[in-house]
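Colleague: Here is the model for us to go through. Please take the strands before the rest.

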Amino acid sequence: MKKISITTLGCKTNQFESEAILDQFIKHGYVFCNLNEKPDIAIINTCCVTNRAEYKSRYAIRRALKSISQGGKVVVAGCYVNKGSSFFEKNLKQIYLFPNNQKHEIFYHIEKSIEENPQDFLELSTDSYYLHTRVPVKVQDGCNFFCAYCILPFVRGKPVSRPLRSIIDQVNTLAEKGVKEIILTGINLGLYGFDLENYHLLDLLNELVQTDIQQIRLSSIEPMFFDDDMIRFLASQKKICPHFHIPLQSGSDVVLAKMNRTYSTSDFEKIIENIKIAIPDAAIGCDVIVGFPGETDKEFCKTYNFIENLPVSYLHVFRYSPRKFTKASEMQWDLSGTVSKKRMQSLLKLGQTKKNEYSKYLIEKKVPLKAVLETKDREYWTSVSDHYVRVFLKDENNTAKNGMLKKVVARELTIDNEGLIVEECTHD
Ligand code: SF4
């Protein structure tokens, strides 16, 4: 039997696509293995959203080249391939390159044995799941926002939506197979329906809550998509995780304008306030970029103070790195690496404080949590709960299983403050 491994860098959309690529191989007799088990095919699904993501992608490719079986193939796919790199040119004899719009053809080209059927939304779907317990479901691709720092509109193309029937069929099949949680993903998820007539993300969510899937998590959504109708709907649906990841990027209006973001800090503040009024226990996370051109000390302080006063529960912090093709790459700016590192560290620290405060809130208020069990380490099962906090549940009777959905309540913080020790709820 031939062996296949897959390494995924970057976003949830890539994670979904990796599952789907893997599924095509496994359905044709391959077995999934780790990179250190000498695979015959090693796939690297790359990312180029930051310098670091590119570095990690190159590292993964080098590792794969060293690890494959004799005569094995290294397949490199995804955004970094679209962007291009001299690294690929140097290694062209040993690797097979697939840009985003050819990911659905990887199996066909490597094995030349399945029929292709290209369409506008490149169907790369799977009813199987090998890499995740909470399964990503891709519903959208592409973006036309052209934020000044972002390469994705160039490597992913214009917004396209996956046909509704195909999404619902996949979700129903996953539910039948026992999957409890799906994570809706897209490059710009809020743009779902942009290319359809009179059909939007809210309509899709309305259909999805009627399926048998028990928990639906939304991956990152841009702030402007949280209008009153959306917030009202989210607050009324028990199946939708009270966890929203909303990119902020900067707490300075000057920097936001330079970034070509279309909201102000006061718009953002209002949106968060509206979500918190409707769903007081909601976990809200933000992406923030430090060191963007024009981010002086004063503008950075504005970002810090703005976030300090926002009721958010965690932060994802990135250091700006210029990306080819983008508007920001032409902006003059020579901030030292030491300064941007310091800014990043202070925001990471603030993010940790926010996370701790939120965890303590969940304990004090005895907020009911729902968690799909992932892995067991000694006597504890671990999971990322619906409120996006890692939880640890003691398996008292040794009856729990991977993929089970448990209702739990937080008892205390773990020793390293990285999660919550929880106990099972016996009531709703
Ligand atoms: S919304 Fe902005 S940051 Fe997000 S993918 Fe589109 S261009 Fe990139």
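Colleague: Which residue of β19 stands opposite Leu-393 of β17?

Modeller: Strands (E, at least two residues) and helices (H or I, at least four) are DSSP runs, numbered from the N terminus. Two strands pair if DSSP finds at least two bridges between them. β17 (residues 390-394) and β19 (residues 420-424) are joined by three bridges and run parallel. Opposite Leu-393 stands Val-422.

Colleague: What kind of model is this, predicted or experimental?

Modeller: Numbering starts from 1 along each chain, as its sequence is written. Local features need pLDDT of at least 70, side-chain atom pairs count only at pLDDT 80 or more, totals for chains, interfaces and linings use all residues, and the model is predicted.

Colleague: Which side chains along β17 are buried?

Modeller: Buried means that 20 or more other C-beta atoms lie within 10 Å of the residue's own; exposed means 12 or fewer, partly exposed is in between, and C-beta atoms are placed from the backbone. The side chains of β17 alternate. Arg-390, Phe-392 and Lys-394 point to one face and are not buried. On the other face, the buried ones are Val-391 and Leu-393.

Colleague: How many bridges join β16 to β17?

Modeller: β16 covers residues 380-384 and runs antiparallel to β17. Val-384 stands opposite Arg-390. The two strands form a hairpin with five residues between them. The number of bridges is five.

Colleague: What is the phi of Tyr-388?

Modeller: Most residues other than glycine have a negative phi. Tyr-388 sits in the loop between β16 and β17. Tyr-388 counts as buried because 21 C-beta neighbours lie inside 10 Å. Its phi is positive, near 60 degrees.

Colleague: And Arg-378: is it buried or exposed?

Modeller: Arg-378 lies in the loop between β15 (375-377) and β16. It is not a glycine, yet its phi is positive, about 50 degrees. It has 6 other C-beta atoms within 10 Å, so Arg-378 is exposed.

Colleague: What is the radius of gyration of the chain?

Modeller: The chain has 13 helices and 19 strands. The globule rule (2.2 Å times the number of residues to the power 0.38, with the radius taken over C-alpha atoms) gives 22 Å for 428 residues. The chain is close to that value, so it is as compact as a globular protein of that length: its radius of gyration is 22 Å.

Colleague: What share of the residues is buried?

Modeller: The C-alpha atoms fill a box of roughly 60 × 55 × 50 Å along the principal axes. Of the 428 residues in the chain, the buried share is 42%.

Colleague: How many residues does the largest nonpolar core have?

Modeller: A nonpolar core is a set of buried Ala, Val, Leu, Ile, Met, Phe, Trp, Tyr and Cys residues joined through C-beta atoms within 7 Å. In the largest one, Val-137 and Ile-182 have the most contacts inside it, and its residue count is 105.

Colleague: Which strand gives the most to this core?

Modeller: Domain 1 (245-364) and domain 2 (366-424) both give residues to the core, so it lies between them. Those bounds come from an automatic or database domain assignment. With six residues, the strand that gives the most is β12 (residues 283-290).

Colleague: Which element gives the most to the side of domain 1 that touches domain 2?

Modeller: The domain centres, taken over C-alpha atoms, are 29 Å apart. Seven residues of domain 1 are in contact (C-beta atoms, placed from the backbone, within 7 Å) with 10 residues of domain 2. The elements that give two or more residues to that side of domain 1 are β12 and α13 (337-364). With four residues, the one that gives the most is α13.

Colleague: Which residues does His-316 touch, leaving out those up to four places away in sequence?

Modeller: His-316 lies in β13 (residues 314-319). It has 16 C-beta neighbours inside 10 Å, so it counts as partly exposed. Beyond four places in sequence, His-316 touches Gly-285 and Asp-287.

Colleague: How far apart in space are Asp-228 and Asn-274?

Modeller: Asp-228 is in helix α9 (residues 228-236). It is exposed because 9 other C-beta atoms lie within 10 Å. Asn-274 is 46 residues away in sequence, and the C-alpha to C-alpha distance is 8.1 Å.

Key. Contact = placed C-beta atoms within 7 Å.
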